[in-house]
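Please open the structure in a viewer and keep the sequence at hand. The tour below proceeds by selections, each followed by a description of what is found there.

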Amino acid sequence: MAEQHVHRGGPPQWWRHGPPWWNRPDGEEASPGRRPWPSTALFTAFVLLGTHFSAHNQIRREPLDAYAVLLLCVTSGLLLWRKRYPVFVVFGTAAATLAYFAAGYPYGPVFLAVAVACFSAVVAGHPRAAWAAVGALWAGHALMALWLYRWLPPAGDTASSWGQQLVIGTWVVAVVAVSVLARVRREQWAKDRAERAQAARRRADAERLRIARELHDVLAHSISVIHVQAGVGLALLDSDPEQARTALTTIKDASKEALGEVRQVLATLRAPGDAPRAPAPGLDRLPELVEAAAGAGLDVEVEGEPPRLPPGTDLAAFRIVQEALTNVVRHSGSRHARVRMDIDREGGALRLRVDDDGPATGADAGGSGNGLAGMRERAAALGGGIEAGPRPGGGWRVGAVLPLMTEEDR
């Protein structure tokens, strides 16, 4: 079933993980072929129109002429390169703005171009350049307004007050501060996206491991039974056809069961929403496991009743017993095995034990490779453990301790 996320109050999703337009692939934002033409054109039009209308109330300033329009277009037009060359743009807009005011032209929204360039420089990781550019702009403007106004147009201009310069300085600090906050927030969004991507990779790795473990346990057991019965059938095909027929019937049943379980495991690879059509096996299917082992020539004695367990613990217990019996069939000379189940009420755990009398028929006594590692991984995933090794009196023992209540069930 696909996981659903329901918003239940608090900040919206875009505030925690960034707005959709900010979640671009790495490097796309700084692509040299992607200049912000639409936003720059709109901003240039806004600066020109805003300055034109504000000039009507500033009759003591120089009237707008072609040079003024050129400076305004240069100031705003530099924003086309604000993503590729943020340092150059922030200094260029500050210099063009200073030249505009040194010529005595009227005040207007031309300051906004410097604010946008400053924001872009800080977000791109150049806060010192942004501070230096806007600081130079403020210092140059203060110098012209408090001292150089005598020699600069318009004629008859008066000195500005320190209060006005402090207000302008406050706005400069506010612009840079907002830019820094935006960069911090953007870095947090990038970190959150990276963490979510890493968590998704971990979940995918865990799922691949789970599927590989399931396939190994299913195929190892069934193929071991098929291998043994195929050998029996070949040996008895001429001398005892009826026994050979029984072996072939066992092969057919084991392969059918293996195909069904493989389909069930592979069903988890389908698109979300396609749920497995059969429940995962558990200890309630232990009689089927004993019957399959008997078909492979192994007599299994079961002590204890299968308890009611959470699905995850039930599946792990079944697979551990299945793998242990498979290892007896494949690696032990014994044709008898014992499965014992005990409930530790005080410890809140299921204790499993699978014994065989041996001796081992090869170097891989008790199993090796992915089988034993898979059993340990299953137990460890639930907070339990596996012990496997030779018995004091001969043979091999696999012991497992599985908690009756996992973290997910609490």
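The stops begin with the whole chain and then turn to helix pairs and single residues.

**The whole chain**

Begin with the entire chain displayed as a cartoon. This is a predicted model. The chain has 410 residues, of which 38% are buried. Its secondary structure consists of 11 helices and 5 strands. Among contacts with a separation of 6 or more, 73% join residues that are 24 or more positions apart.

**Helix 2 and helix 3**

Select residues 37-54, which form helix 2, together with residues 66-77, which form helix 3. The two axes come within 9 Å and cross at roughly 145°. The crossing of helix 2 with helix 3 is right-handed. To view the contact, show the side chains of Thr40, Phe43, Thr44, Val47, Leu48 and Thr51 on helix 2. Their counterparts on helix 3 are Val69, Leu72, Cys73, Ser76 and Gly77. Sorted by class, this contact has 6 nonpolar and 5 polar residues, with no charged residues.

**Helix 3 and helix 4**

Keep helix 3 selected and add helix 4, residues 86-102. Here the axes come within 9 Å, and the crossing angle is roughly 160°. Angles over 145 degrees count as roughly antiparallel, and helix 3 is therefore roughly antiparallel to helix 4. The crossing of helix 3 and helix 4 is left-handed. On helix 3, select Ala68, Leu71, Leu72, Val74 and Thr75; on helix 4, select Thr93, Ala96, Thr97, Ala99 and Tyr100, which meet them. The contact of helix 3 with helix 4 comprises 7 nonpolar and 3 polar residues, and no charged residues. Leu72 of helix 3 takes part in the contact with helix 2 and in the contact with helix 4.

**Helix 5 and helix 6**

Next, select helix 5, residues 111-123, and helix 6, residues 127-146. Their axes are 8 Å apart, and the packing angle is about 160°. How are the two helices oriented to each other? Helix 5 and helix 6 are roughly antiparallel, because their angle of about 160° is over 145. Their crossing is left-handed. Helix 5 contributes Phe111, Val114, Cys118, Ala121 and Val122 to the contact, while helix 6 contributes Pro127, Ala130, Val134 and Leu137. By class, the contact of helix 5 with helix 6 has 9 nonpolar residues, no polar residues and no charged residues.

**Pro153 and Pro154**

Move on to Pro154, in the loop between helix 6 and helix 7. Display the backbone from Pro153 to Pro154: is the peptide bond cis or trans? This bond is cis, and its omega is near 5°. Most peptide bonds are trans.

**Leu234**

Follow the chain into helix 7, residues 162-236, and select Leu234, which is found in this helix. Is Leu234 buried or exposed? Leu234 is exposed, because its relative accessible area of 69% is over 50%. Add Leu248, which is 14 residues from Leu234 along the chain; the C-alpha atoms of the two are separated by 9.6 Å.

**Arg338**

Select Arg338, in strand 2, which spans residues 336-344. Which side chain makes a polar contact with that of Arg338? The partner is Asp357, at 3.3 Å. Leaving aside residues up to four places away in sequence, Arg338 touches Glu301, Glu303, Arg353, Val354, Asp355, Asp357 and Arg391.

**Gly383**

End at Gly383, in the loop that lies between helix 11 (370-381) and strand 4 (385-390). Gly383 counts as exposed because its relative accessibility is 62%, where exposed means over 50%. Finally, add Met405: Gly383 and Met405 lie 22 residues apart in sequence, and their C-alpha atoms are 9.6 Å apart in space.

How values were computed. Residues are numbered from 1 along each chain as its sequence is written. This is a predicted model: local features need pLDDT of at least 70, side-chain atom pairs count only at pLDDT 80 or more; totals for chains, interfaces and linings use all residues. Side-chain values use heavy atoms; hydrogens and water are left out. Axes are lines fitted to C-alpha atoms, for helices over the stretch in contact, and angles run from 0 to 180 degrees between N-to-C directions. Helices (H or I, at least four residues) and strands (E, at least two) are DSSP runs, numbered from the N terminus. Angles under 35 degrees count as roughly parallel, over 145 as roughly antiparallel, 65 to 115 as roughly perpendicular and the rest as oblique. A crossing is left-handed if the near helix is turned anticlockwise from the far one by less than a right angle, and right-handed if clockwise. Contact means heavy atoms within 4.5 Å. Ala, Val, Leu, Ile, Met, Phe, Trp, Tyr, Cys and Pro count as nonpolar, Asp, Glu, Lys and Arg as charged, and the others, Gly among them, as polar. A polar contact is a pair of N or O atoms within 3.5 Å; within protein, one must be able to donate a hydrogen and the other to accept it, and residues adjacent in sequence count only if both atoms are side-chain atoms. Buried means under 20% relative accessible area, exposed over 50%, partly exposed in between (1.4 Å probe, protein chains only).
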